[in-house]
Amino acid sequence: MTSSSNDAAQSLTSSVDLSTSSLELSIQTRIFKIIVIGDSNVGKTCLTFRFTGGSFPDKTEATIGVDFREKAVEIEGETIKVQVWDTAGQERFRKSMVEHYYRNVHAVVFVYDVTKMASFRNLQTWIEECNGHRVSASVPRVLVGNKCDLVDQIQVPSNMALKFADAHNMLLFETSAKDPRESQNIDSIFMSLACRLKAQRSLLYRDVEREDGRVRLTQETETKSSCPC
Ligand SMILES: Nc1nc2c(ncn2[C@@H]2O[C@H](COP(=O)(O)OP(=O)(O)OP(=O)(O)O)[C@@H](O)[C@H]2O)c(=O)[nH]1
Ligand SMILES: [Mg+2]
């Protein structure tokens, strides 16, 4: 082989090495899709903003379709990408997207506003929608009562929410996206889900499936040692 073909071969090898390692990296970073569901105005956008951006937005507008927010977290030495789907509460802004919300979802966060009893009563409808989209019972779900900073306006008593959460096998978090002292509590909503998912799911993606003509990867599930979170 001549020197120039040697060089060419070498550069080909290094480019192959490079793409292999970036491929390995992207395969190894697991992504957990968590959807946030509930009535309009309960604070879904503010909660997801607090978790991924650390702050309370000055101003929000009704979400149209979905907004994606991501945060890389480290659990037991593994970096995991938590992909939060901030969904629209208003029917007219969500109807064309509903199928996408629930497809391959790993965990669900149901949100109500502690100062609006109607948003708590409507949880039953949100749960029915979720079940109607074939979300497996093994997909972890949590319940979040938001706006606890509005102490004088609370309409949903904690014991009522707790009873509902127990009946649906969910953990209950009562919090405020607005109160900066609640920031850690909001982190723990998403971290508790990520820890449960890490414990449930294997690293390997396998079983290429075809759906609507598109190729999709599914995750293999396995029972692994439990996460300390
Ligand atoms: N006091 C108080 N206000 C909040 C809190 N969280 C959100 N808000 C306010 O509630 C309103 C609605 O918040 P959003 O986060 O936009 O509500 P959403 O659930 O995303 O609404 P949609 O996108 O329409 O589904 C905004 O005016 C926020 O400032 C909170 O913890 N406390
Ligand atoms: Mg929103």
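**Exercise 1. The largest nonpolar core**

Find how many residues the largest nonpolar core of this predicted model has, and which elements build it.

Solution. Step 1: the largest nonpolar core has 29 residues. Within this core, Tyr101 and Phe110 have the most contacts.
Step 2: two or more residues each come from β1 (30–38), α4 (98–102), β4 (107–113), α5 (117–121), α6 (123–132) and α7 (158–167). The largest share, four residues, is given by α6.
Step 3: another core, of 26 residues, lies apart from this one, and Phe51, Val84, Phe190 and Leu197 are among its residues.
In soluble globular proteins, nonpolar side chains tend to be buried together.

**Exercise 2. Around phenylalanine 110**

List residues that phenylalanine 110 touches, leaving out those up to four places away in sequence.

Solution. Step 1: the partners of phenylalanine 110 include Ile37, Leu123, Trp126, Ile127 and Cys130. Further partners include Arg141, Val142, Leu143, Val144 and Met170.
Step 2: take one of these, cysteine 130. Its relative accessible area is 0%, which is under 20%, so cysteine 130 is buried.

**Exercise 3. The length of helix α8**

Work out the span expected of helix α8 (residues 183–200) and set it against the distance between its end C-alpha atoms.

Solution. Step 1: α8 has 18 residues, and the rule allows 1.5 Å a residue. The expected span uses one less than the number of residues, which gives 26 Å.
Step 2: the end C-alpha atoms of α8 are 26 Å apart, so the two values agree.
Step 3: the buried residues in α8 are Ile186, Ile189, Phe190, Leu193, Ala194, Cys195, Leu197, Lys198 and Ala199.
An α-helix has 3.6 residues a turn, so residues three or four places apart point the same way.

**Exercise 4. The magnesium ion**

Identify the protein donors of the magnesium ion (ligand 2) and place them in the chain.

Solution. Step 1: the donors are OG1 of Thr45 and OG1 of Thr63, at 2.0 to 2.1 Å from the ion.
Step 2: threonine 45 sits in helix α2 (residues 44–53), while threonine 63 is in the loop between α2 and β2 (66–75). The two are 18 residues apart, and the pair links distant parts of the chain.
Step 3: both threonine 45 and threonine 63 are buried.

**Exercise 5. Another threonine of α2**

Is threonine 48 buried or exposed, and which residues does it touch?

Solution. Step 1: threonine 48 is found in helix α2.
Step 2: its relative accessibility is 0%, so threonine 48 counts as buried.
Step 3: leaving out residues up to four places away in sequence, threonine 48 touches Val36, Gly53, Arg69, Val84 and Asp86.

**Exercise 6. Cysteine 46 and disulfides**

How many disulfides are there, and where is the nearest cysteine sulfur to that of cysteine 46?

Solution. Step 1: a disulfide needs two cysteine sulfur atoms within 2.5 Å. The count comes to zero disulfides.
Step 2: for cysteine 46, the nearest cysteine sulfur belongs to cysteine 148 and is 14 Å away.
Step 3: cysteine 46 has a relative accessible area of 10%, so this residue is buried.

**Exercise 7. Positive phi**

Where in the chain do glutamate 76 and asparagine 169 lie, and what are their phi values?

Solution. Step 1: glutamate 76 lies in the loop between β2 and β3 (78–87), and its phi is near 45°.
Step 2: asparagine 169 lies in the loop between α7 and β6 (171–174), and its phi is near 55°.
Step 3: most residues other than glycine have a negative phi.
Step 4: asparagine 169 has a relative accessible area of 68%, so this residue is exposed.

Definitions and conventions. Residues are numbered from 1 along each chain as its sequence is written. Chains are lettered from A and ligands numbered from 1 in the order in which they are written. This is a predicted model: local features need pLDDT of at least 70, side-chain atom pairs count only at pLDDT 80 or more; totals for chains, interfaces and linings use all residues. Side-chain values use heavy atoms; hydrogens and water are left out. Buried means under 20% relative accessible area, exposed over 50%, partly exposed in between (1.4 Å probe, protein chains only). Donors are N, O and S atoms within 2.8 Å of the metal (3.2 Å for Na, K and Ca); water is not among the atoms, so sites may look incomplete. A nonpolar core is a set of buried Ala, Val, Leu, Ile, Met, Phe, Trp, Tyr and Cys residues joined through side-chain atoms within 4.5 Å. Contact means heavy atoms within 4.5 Å.
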